[in-house]
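Reader: I am new to reading protein models, and I would like to look closely at a single helix before anything else. Could you take me through one slowly, and then add whatever else helps me find my way around?

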Amino acid sequence: MSSYPEIGLFIGGKWVSPLGAARFTTRNPASGEVVGSFVAGTAKDVEAAVSAAAAAFPRWKATPPPMRGEILRRVAQVLKERKEPIARTVTQEMGKVIAEARGDVQEAIDFVEYMAGEGRRLFGETVPSELRSKFCLTVRQPKGVVACITPWNFPTAIPNWKIAAALICGNTVVFKPASNTAMCATEVVKAYDSAGLPAGVLNLVTGAGSAVGNALIDDPRVRAVSFTGGVETGRTVNVRGAQDLKAVHLELGGKNPMIVMDDANLPLALEGLLFGAFGTAGQRCTATSRLILHEKVYDEFLGMLDERLGRLKIGDPLDPSTDVGPVASADQEKKILEYIAIGRREATLRTGGHKLTGGNFDKGFFIAPTVFETAHGTRISKEEIFGPVLSVIKVPSYEEAVRVANDVEYGLSSAIYTRDVNRAFRAVDDLECGITYVNAPTIGAEVQLPFGGTKHTGTGGREAGSVAIEEFTEIKTVFVDFSDRLQKAQIDTAE
Ligand code: NAD
């Protein structure tokens with residue numbers, strides 16, 4: 001018997017372990033300890049999960065949305081009761097510090113509660129007709145079976161953003177999480193099961209993106225794919241989904257800039273920068289990965305940054321006094337160190353730039369918070385690194401700051417620190433991205449507001465906020481003619 005839990009797939013309301021199934025394990029990125037063992041799902045498992053979801057769909061669709069909302073309210077309650085153990089699982093499996101792990105679970109709770117309320121809205125429109133005695137309206141209908149494919153960096157919040165929104169609209173779900181946070185995904189699914197979600201409405205298939213993801217996208221019964229992850233995977237998913245003309249919603253990467261102007265409150269900007277760039281070890285899609293710094297405050301602000309970086313505590317993410325934990329996996333560590341090597345060739349290293357070793361560091365994937373000074377246009381200044389690596393770019397003016405900020409393929413989040421209200425509102429207009437913060441860091445989503453980006457950050461839709469339901473509903477237009485005669489739009493004229 002192993003000392004860690006062996007988890008099955010969740011299909012049709014039951015935890016199942018297919019006979020002879022291959023397994024994989026997840027590991028604590030701070031200590032190397034195994035967290036759990038999971039089934040490496042196959043196309044056959046996907047077929048079973050989609051069949052269960054398709055079978056559960058008619059009944060779930062017919063369940064009045066306020067009743068679906070009642071179940072979501074119970075899910076939120078279960079998550080609240082289990083918040084601390086789930087947060088610890090997040091830290092142990094993904095590596096973010098415990099305060100941020102609690103935030104991850106809290107975001108899940110907040111969103112599930114928010115979507116529960118949506119069960120009493122799901123608004124359509126009433127629209128006037130051009131003809132007499134004719135009533136026109138729209139209603140929202142579910143799409144059917146939807147696939148939710150998620151990354152590891154918000155292993156409870158992001159799955160819930162998708163699952164709760166999909167369910168309140170009346171869809172049934174097959175959920176495929178990132179493999180290295182499969183235990184977090186298990187906890188999410190258990191919360192829905194404990195809350196009394198009917199069998200088959202939510203199904204979990206763990207396993208490789210290539211096997212499980214492809215089979216899900218190829219299944220004609222899956223009508224929509226909600227995907228969050230990297231831009232290259234997103235492109236593959238989009239092209240594959242297009243073969244069957246599926247609705248594919250993509251939330252992808254970022255290269256988020258923070259502009260600090262010469263009139264900024266520098267101590268405030270510094271606090272924001274530390275949280276934005278090095279929180280979650282820089283592994284947020286909204287992480288501040290570029291500091292665009294006005295030349296008049298350049299030396300002063302970097303001096304302040306050096307001083308604070310020297311005092312950041314890196315280490316055990318379960319220790320509440322730790323500021324920065326490990327990066328999430330060996331793959332992440334490798335990719336970040338490769339970018340650091342690139343940065344050493346093309347830019348000037350100011351701080352960090354290495355893996356931390358010795359003592360407990362040797363058991364995990366710890367990288368020193370790293371700052372490069374660079375010209376705009378280098379690879380580290382334009383490509384998503386997804387780690388604790390900040391590129392600092394000096395600019396002479398607001399106009400140049402905006403040009404640099406916009407000159408990347410991504411458009412997720414952005415921030416400007418300035419005391420000039422006119423300039424702040426100009427930046428809201430000028431920055432090409434989905435989210436702009438004024439005098440706050442690039443991170444800090446709130447569930448009641450839309451979330452998403454422009455350009456290669458996605459396909460343009462938004463998650464969260466009241467618009468979250470757009471992704472998961474079809475609009476049906478309804479005409480009710482109570483004139484008792486044939487009326488012809490565009491041809492008859494109402495007198
Ligand atoms: P990833 O693209 O490697 O994986 C995301 C998910 O896709 C995983 O579940 C993975 O198993 C699955 N997958 C892999 N290949 C697949 C395939 N061929 N078909 C279907 N699914 C497949 O991303 P990641 O490393 O888990 O996450 C990091 C990335 O996610 C970063 O680029 C980050 O910016 C992005 N992200 C974006 C947002 C956002 O809302 N915009 C939020 C969080 C993370």
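Author: What follows begins with one helix and then turns to the ligand, to one asparagine and to the cysteines. Please keep in mind throughout that this is a predicted model.

The helix to look at is α14, which runs over residues 421-430 and has Arg423, Ala424 and Ala427 as its buried residues. If you look down the axis of α14, these buried residues fall within an arc of 105°, so they line one face of the helix. This fits a general rule, for an α-helix has 3.6 residues a turn, so residues three or four places apart point the same way. On the face of α14 that is turned away from the buried side you will find the exposed residues Val421, Asn422, Phe425 and Asp429. As for what lies over the buried residues of α14, the cover includes the helix α13 (398-406) together with the strands β18 (413-417) and β19 (435-438). At the start of α14 there is also a polar contact, in which a side-chain oxygen of Asp420 reaches to within 2.9 Å of the backbone nitrogen of Asn422.

From the helix we can move to the ligand, which has 27 residues around it, and of these Thr150, Gly230, Thr233, Leu252 and Glu384 come nearest. A polar side-chain atom of Glu384 lies 2.6 Å from an oxygen atom of the ligand, and the protein covers 86% of the 860 Å² of accessible area that the ligand has on its own. An N or O atom in the side chain of Lys176 is 2.9 Å from an oxygen atom of the ligand, while for Ala178 a polar backbone atom is 3.4 Å from a ligand oxygen.

A second helix, α5 (residues 157-168), contains Asn160, which counts as buried because its relative accessibility is 0%. A polar atom of the Asn160 side chain lies 2.8 Å from the backbone oxygen of Thr156. Leaving aside neighbours within four places in sequence, Asn160 is in contact with several residues, among them Leu79, Phe111, Val188 and Tyr192.

Finally, the cysteines deserve a look, since the structure holds zero disulfides. For Cys169, the closest cysteine sulfur is that of Cys148, and because the two sulfurs are 11 Å apart, they are too far for a bond. Cys169 counts as buried, because its relative accessibility is 3%, and Cys136 is buried as well, with a relative accessible area of 8%.

Methods:
Residues numbered from 1 in each chain as written. Predicted model: local features only at pLDDT ≥ 70, side-chain atom pairs only at ≥ 80, totals over all residues. Heavy atoms only, no water. Buried < 20%, exposed > 50% of the residue type's maximum accessible area, 1.4 Å probe, protein only. Helix = DSSP H or I, 4+ residues; strand = E, 2+ residues; numbered from the N terminus. Arc of directions from axis to C-beta. Contact = heavy atoms within 4.5 Å. Polar contact = N/O pair within 3.5 Å; in protein donor to acceptor, adjacent residues only side chain to side chain. Near = heavy atom within 4 Å. Areas by Shrake-Rupley, 256 points an atom, 1.4 Å probe, with all protein chains shown as cover. Disulfide = S-S within 2.5 Å.
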